[in-house]
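Hi,

Here is the structure I promised to pass on. Have a look at it first, and then read my notes below.

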Amino acid sequence: MEGEIVSHVEGGYAVDVDGLRAFLPSSQVGLRPVSDPEALIGQRFSFRVIRFHRGRVNVVLSRRPILEAERTELLGQIRTGAVVEGLVRGHTDNGVLFDVSGTDGFMHISDATWARESDPKKVAEVGQKFRLKVLGVDKKRSRLKLGLRQIEDDPWAKADEKYPPGTEVSGIVVSKTDYGCFVEFEPGLEGFIFASGELTTDEARTRLRKTDVGDELQATVVEVNLVARRITLRLL
């Protein structure tokens, strides 16, 4: 039956069902705890009657069976590769938690962006909505594995056409090694500047020793290897 949540009471909510006052326990409101109880007041929902006592006119309602049935139906219909809309509801140390039409979804940080990023909170804020690709369906855990970068074009697909040898680029140093440093000049595209060898002058070697992660460098593209997904740069 349908009813309107009219007030927040001890242990749950009062619901008006065509003039009949019913009780909705907090544990039966949804599939997960409600963050803002007052936000439900005034909203209409479908409910299942889980207890009814005629003599005392005591009616107890629940939304959980309806939501669980909807979730089971969604998990049975959705397929890997489908595109869905998800609402960010939280973060973990290595990913983002989504609500997809009442179903839990998880996106690992490696599937969030082509760029190098380790902080899930920097790629998605709570309350944001995204179009996401379904990477897997875990029916046992009732959870979807999601990806955001899979919606976008792979920056490596045409990197050799966009950055032929001789192209000048400007980027940020994202990591350093004893052999040189990686410079990201487009989200998802990094080039390596060697600190020694025929591509490096004495002046460049000195500059690279003083360079730190986060510094900006200008360089020239020497080679783009799509198979190895590797770009070689020479410091300007």
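One cut-off before the rest, since I lean on it throughout: a residue is called buried under 20% relative accessible area, exposed over 50%, and partly exposed in between. By that rule Arg116, with a relative accessible area of 44%, is partly exposed. Please keep in mind that this is a predicted model.

**The barrels**

Let me start with the barrel made of strands 7 to 11. Its five strands close up in the order 7-8-9-11-10, and the pairing is mixed. From one strand to the next, the twist averages 50 degrees. If you want a place to look inside this barrel, take strand 8 (residues 95-100) and strand 9 (residues 103-108): they run antiparallel and are joined by six bridges. Within that pair, Leu97 stands opposite Phe106 of strand 9. Helix 1 (residues 64-77) lies across strand 8, strand 9, strand 10 (129-138) and strand 11 (143-147). The angle between helix 1 and strand 9 is about 50 degrees.

Further along the chain, another five strands close into a barrel, in the order 12-13-14-16-15, again with mixed pairing. Here neighbouring strands are turned by 50 degrees against each other on average, ignoring direction. Helix 3 (residues 202-210) packs on this sheet and touches strand 12 (168-177), strand 13 (180-186), strand 14, strand 15 (216-225) and strand 16. Its direction makes about 110 degrees with that of strand 16.

Which strand does strand 14 (residues 189-194) pair with in the parallel sense, over two bridges? That would be strand 16 (residues 230-235). On the residue level, Phe192 has Thr232 in strand 16 as its bridge partner. As a general reminder, strands of a sheet pair through backbone hydrogen bonds, in either a parallel or an antiparallel way.

**Salt bridges**

How many salt bridges does the structure hold? The count is nine. I'd pull up these.

- Glu2 and Arg44: their closest N and O atoms are 3.6 Å apart. Glu2 sits in strand 1 and Arg44 in strand 4 (residues 44-46), so this salt bridge ties together parts that are 42 residues apart in sequence. Glu2 counts as partly exposed because its relative accessibility is 46%, and Arg44 is partly exposed too, at 47%.

- Glu190 and Arg116: the closest N and O atoms in this salt bridge are 2.7 Å apart. Glu190 belongs to strand 14, while Arg116 is in the loop between strand 9 and strand 10, so parts that are 74 residues apart in sequence are tied together. Is Glu190 buried or exposed? It is buried, because its relative accessible area is 17%. Arg116, as noted above, is partly exposed at 44%.

- Asp154 and Arg229: these side chains meet in a salt bridge at 3.2 Å, N to O. The two are 75 residues apart, with Asp154 in the loop between strand 11 and helix 2 (159-162) and Arg229 in the loop between strand 15 and strand 16. Asp154 has a relative accessibility of 25%, so it counts as partly exposed. Arg229 is partly exposed as well, with 40%.

There is also a network of salt bridges that links Arg32, Arg89, Asp99 and Asp104.

**Backbone oddities**

Arg229 turns up again here: its phi is near 50 degrees, a positive value in a residue other than glycine. Ser142 is another such residue, with phi near 50 degrees as well. You'll find Ser142 in the loop between strand 10 and strand 11. Ser142 is buried, because its relative accessible area is 17%.

**A patch at the surface**

Last item: Met1, Val49 and Phe52 make a nonpolar surface patch of about 280 Å². Met1 lies in the segment before strand 1 (2-9). With 47% relative accessibility, Met1 counts as partly exposed.

That's what I have for now. Shout if anything is unclear.

Cheers

Definitions and conventions
Residues are numbered from 1 along each chain as its sequence is written. This is a predicted model: local features need pLDDT of at least 70, side-chain atom pairs count only at pLDDT 80 or more; totals for chains, interfaces and linings use all residues. Side-chain values use heavy atoms; hydrogens and water are left out. Patches are made of residues with over 30% relative accessible area and no salt bridge: like charges are joined within 9 Å, nonpolar side chains (Val, Leu, Ile, Met, Phe, Trp, Tyr) within 5 Å. Accessible areas come from the Shrake-Rupley method with a 1.4 Å probe; for residues, only the protein chains shown count as cover. A salt bridge is a side-chain nitrogen of Lys or Arg within 4 Å of a carboxyl oxygen of Asp or Glu. Helices (H or I, at least four residues) and strands (E, at least two) are DSSP runs, numbered from the N terminus. Buried means under 20% relative accessible area, exposed over 50%, partly exposed in between (1.4 Å probe, protein chains only). Two strands pair if DSSP finds at least two bridges between them. Axes are lines fitted to C-alpha atoms, for helices over the stretch in contact, and angles run from 0 to 180 degrees between N-to-C directions. Contact means heavy atoms within 4.5 Å.
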